[in-house]
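Me: Please take a close look at one part of this structure, the largest nonpolar core, and explain which residues and elements build it.

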Amino acid sequence: MFDEKKFAACIEKIDKVVDRRLDEMTTHAEWIGAHPEIGEKEFETSKRLAGILNDAGFETQYPYLEMPTAFNAVKRTGEAPVYALLTEYDALPGIGHACGHSLHGMMSIFAGIALAETLGDFPGTLRVVGTPAEETNGAKVTMSAKGVFDDVDLAAMIHSDAGKSKVVYNCLAMDSFEFT
């Protein structure tokens with residue numbers, strides 16, 4: 001049953017984290033933007049992001065799954081449900097962060113840290129998964145094949161847009177299929 005007061009208290013906690021850490025997160029995003037690293041070579045960026053999560057109290061595996069620039073950071077107050085935030089941080093060769101992964105990665109890290117503050121109110125496991133090489137071979141595919149998301153109840157990623165927020169797409173998770 002939805003508890004409006006509990007939800008409002010969680011939003012207040014998240015807002016406080018955002019207010020308290022905004023300058024720090026902005027500084028990290030600007031650094032990443034100024035130091036673009038292409039897929040599978042995001043050594044400084046992934047190390048920085050994993051370190052931020054580790055410093056925030058997440059149990060952090062870095063490197064992860066034999067991928068030198070991947071990481072998995074976990075905070076839990078219960079085993080289930082399992083939430084995952086996917087974090088992109090690679091740049092395009094010769095262009096830099098044209099897609100905004102310098103911002104997307106920090107927004108996911110920031111969201112993970114803020115959401116971790118609410119885990120006592122909504123128990124479960126929160127993962128922030130560093131997914132390198134989005135612009136080249138897409139590590140999410142390899143991670144999925146290795147079972148990283150098999151027990152995940154909800155996975156999300158953040159992608160910025162210069163326009164207004166909108167949802168105009170088909171989502172496989174929203175389609176149903178029947179097999180006999």
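Reply: The largest nonpolar core has 23 residues, of which Leu49, Leu53, Phe58, Phe71, Met106, Ile109 and Ile113 touch the most other members. A nonpolar core here is a set of buried Ala, Val, Leu, Ile, Met, Phe, Trp, Tyr and Cys residues joined through side-chain atoms within 4.5 Å; buried means under 20% relative accessible area, with a 1.4 Å probe and protein chains only. The model is predicted: local features need pLDDT of at least 70, side-chain atom pairs count only at pLDDT 80 or more, and totals for chains, interfaces and linings use all residues. Residues are numbered from 1 along each chain as its sequence is written, and side-chain values use heavy atoms, leaving out hydrogens and water.

Two or more residues each come from helix 1, helix 2, strand 2 (71-76), helix 3 (101-116) and strand 4 (125-130). These helices (H or I, at least four residues) and strands (E, at least two) are DSSP runs, numbered from the N terminus. Helix 3 gives the most to this core, six residues. Beyond its neighbours within four places in sequence, Ile113 is in contact (heavy atoms within 4.5 Å) with Val17, Arg21, Met25, Ile52, Leu53, Ala56 and Phe58. Apart from this core lies another, of 12 residues, including Tyr64, Leu86, Phe149 and Val152.

Helix 1 (residues 4-34) and helix 2 (residues 43-55) pack at about 165°, with axes 10 Å apart; axes are lines fitted to C-alpha atoms, for helices over the stretch in contact, and angles run from 0 to 180 degrees between N-to-C directions. Therefore helix 1 is roughly antiparallel (over 145 degrees) to helix 2. On the helix 1 side, the contact includes Arg21 and Met25; on the helix 2 side, Leu49 and Ile52 are among the residues.

Note on methods: Parallel < 35°, antiparallel > 145°, perpendicular 65-115°, else oblique. Buried < 20%, exposed > 50% of the residue type's maximum accessible area, 1.4 Å probe, protein only.
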